[in-house]
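Work through the exercises below with the sequence and the 3D structure at hand. Try each task before reading its solution.

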Amino acid sequence: MSRINFNRKGAKAGGKESAAVHPWRFRTLLFFIGIAFGGLILRLAWIQVIDPDRLRQEGDMRSLRTTETQAVRGMVTDRNGEQLAVSVPVEAVWADPKTVHESGAIANERAWQALSEVLKVDIKTLKNRIANPKKRFVYLQRQVTPAVAEYIKGLKLGGVYLRPESRRFYPTGEISAHLVGVTNIDGHGIEGIERSYNDWLTATPGEMRVRKDRHGRVIEHLGVVKEGKDANDLHLSIDQRVQSIAYRALKKATDENMATSGSMVMLDIKTGEVLAMVNTPSYNPNNRGQYQSFRVRNRVVTDTYEPGSTVKPLILLSALHAGVTSWDDFIDSKPLFIGAKQIKDVSVHHANNLYDILRYSSNIGMSRIALRMQAQDMINTLSMLGFGIESGSGLMGESGGMLPQRRRWSDIERATLSFGYGLRVTPLQLVSAYATLANSGCRNPISVTKLEKKPTCEQVINQNDAKAMLRALEYVVDSAIPKAKVPGYRIGGKSGTAKVAVAGGYGKDYMAWFAGFAPASNPRFAMVVVINEPKGKAYYGGAVATPPFAEAMGGVLQLYNIRPDADTAVQDPKLARQEAPLVPRT
């Protein structure tokens with residue numbers, strides 16, 4: 001019993017001790033809790049009252065972003081508003097490799113295989129692009145269509161995102177490719193009009209401050225940081241309908257003659273505007289796989305050739321101005337030797353006056369006239385007509401050609417210059433010269449953009465001589481170049497054939513030319529066709545370059561509802577000369 005009582009006493013003693021300790025512990029706990037609450041209150045007061053900006057800054061660092069507004073490149077249209085180049089919305093697929101690895105999306109083989117198939121990129125290539133988890137940005141594919149973008153969204157791959165961008169689309173494809181040009185994947189012009197007018201067509205993106213949530217979605221627009229600059233549209237001088245007609249005719253001719261290339265350019269004689277400018281072979285600017293240097297070059301302005309007999313009317317204008325010949329002058333057509341060189345005609349004809357020289361394209365007759373005057377007289381006339389200088393079209397890569405400038409000229413050099421050898425011109429330069437001739441000797445500047453008003457021309461050729469030459473060139477087509485004729489219309493022009501220059505001389509290939517205008521009664525359009533190195537049965541300009549001229553010119557005359565003038569034709573060249581009003585020589 002005593003043992004039991006001892007325990008009870010001990011229990012009573014312990015209970016008194018416990019009761020004595022508890023109030024102290026309780027007060028201590030309350031003290032520390034009070035300190036903690038006081039610290040929290042002070043911290044809250046510091047954050048929200050004394051120094052609230054720091055936390056706001058931390059939050060802004062995680063939610064505020066400066067984004068660029070989308071800059072859309074300007075549209076290129078023809079003179080009638082037909083779209084030639086337009087930007088369409090597309091998407092860029094990009095990835096954040098760090099997020100891809102941290103989210104575990106890298107292990108989703110099915111989704112990556114689907115992404116590989118829709119982008120047509122090998123899955124190993126995709127995996128290599130996101131292999132480095134330290135990277136934060138890498139493109140997987142640029143300029144995917146909205147349909148592909150929607151499919152990729154459905155894959156829900158962590159770390160794979162889409163961003164809007166634009167892609168250049170060319171509705172007319174290969175027909176206007178050389179003139180309009182093309183942009184690179186970043187939207188900067190690299191060929192043609194796209195490059196020449198890149199600054200005009202390019203928009204400058206603005207900057208905007210926005211707030212985003214943790215998913216990257218914009219939840220608030222806070223204001224504009226930097227104003228952007230809108231792009232400008234560009235209205236070209238070409239008529240897409242004429243462009244299509246010209247391209248179809250040229251492509252047919254180059255294919256039938258198995259030619260290396262071909263070029264055709266048409267001007268509005270009254271304004272100097274380019275209505276058509278085409279080349280073959282061409283390429284589709286919407287398919288970058290066809291981008292090859294020999295296809296994308298605009299040969300109308302970049303390539304130079306010896307013009308052959310197409311330059312003869314221009315040399316005769318120089319001779320008429322210099323007073324060394326006249327339309328009634330008798331020209332000896334007998335064989336001509338200059339030193340050890342013999343000047344030959346393609347076929348033997350009795351070309352006794354200027355009309356016959358043009359009709360039979362007599363090199364002998366031209367040489368005899370050229371030897372009567374100084375070489376500088378011919379050079380001056382050709383220079384006034386735009387040879388040896390750029391046309392001012394503003395197109396990238398334009399060549400000024402080559403007009404020889406020598407202190408001393410040999411007789412053979414003067415003779416060969418008179419029938420188109422020893423100088424080099426672009427098709428654009430030659431068509432400008434013929435447009436000037438058809439405009440009564442008044443030269444308009446070349447324009448590839450649509451003009452709001454008619455320009456002021458410069459009189460560079462005597463009107464009387466120019467009009468007489470028009471009648472002579474109409475006589476040439478009517479009597480000697482039947483393939484250049486257009487039913488119902490009077491046509492004037494001159495064909496030409498020149499050997500292709502090679503290292504050390506001339507090769508076996510030829511250039512076939514035709515330069516002409518219509519309708520002859522009141523010239524409206526001038527056109528030049530050049531077929532480079534035809535490999536078919538024929539290679540002369542009168543046989544090879546005239547059919548595409550007739551086809552294209554006939555289509556354009558009908559398209560513009562030009563009234564037929566064949567019933568007013570004057571067959572006798574002497575009567576034709578009398579039609580032209582006498583104007584004092586300048």
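The exercises go from the whole protein to one sheet and then to one pair of helices.

This is a predicted model, in which local features need pLDDT of at least 70, side-chain atom pairs count only at pLDDT 80 or more, and totals for chains, interfaces and linings use all residues. Residues are numbered from 1 along each chain as its sequence is written, and side-chain values use heavy atoms, with hydrogens and water left out.

**Exercise 1. Describe the protein as a whole.**

Step 1. The protein contains 22 helices and 19 strands; helices (H or I, at least four residues) and strands (E, at least two) are DSSP runs, numbered from the N terminus.

Step 2. Of the 586 residues, 46% are buried, where buried means under 20% relative accessible area with a 1.4 Å probe, protein chains only.

Step 3. Take the contacts (heavy atoms within 4.5 Å) between residues at least 6 apart in sequence: 72% of them join residues at least 24 apart.

**Exercise 2. Give the strand order of the open sheet and place β19 in it.**

Step 1. The order of the five strands is β12-β11-β19-β18-β17, with antiparallel pairing; two strands pair if DSSP finds at least two bridges between them.

Step 2. At the edges are β12 (274-280) and β17 (492-502), each pairing on one side only.

Step 3. On one side, β19 (residues 525-532) is joined to β11 (residues 261-268) by eight bridges. Within this pairing, G262 is the bridge partner of I531, and M264 that of V529.

Step 4. Eight bridges also join β19 to β18, and A515 has V528 as its bridge partner. These two strands, β18 and β19, form a hairpin with six residues between them.

Step 5. Eight of the eight residues of β19 are buried. F525, M527, V529 and I531 point one way, while A526, V528, V530 and N532 point the other way.

**Exercise 3. Work out how α18 and α19 are arranged, and what makes their contact.**

Step 1. Two packed helices are described by the angle between their axes and the distance between the axes.

Step 2. For α18 (residues 427-438) and α19 (residues 463-480), the axes come within 8 Å and cross at roughly 110°. Axes are lines fitted to C-alpha atoms over the stretch in contact, and angles run from 0 to 180 degrees between N-to-C directions.

Step 3. Therefore α18 is roughly perpendicular to α19, a term for angles of 65 to 115 degrees.

Step 4. Y434, L437 and A438 of α18 meet A466, M469, L470 and L473 of α19.

Step 5. The contact residues divide into seven nonpolar, no polar and no charged. Nonpolar covers Ala, Val, Leu, Ile, Met, Phe, Trp, Tyr, Cys and Pro; charged covers Asp, Glu, Lys and Arg; the others, Gly among them, are polar.

Note on methods: Buried < 20%, exposed > 50% of the residue type's maximum accessible area, 1.4 Å probe, protein only. Parallel < 35°, antiparallel > 145°, perpendicular 65-115°, else oblique.
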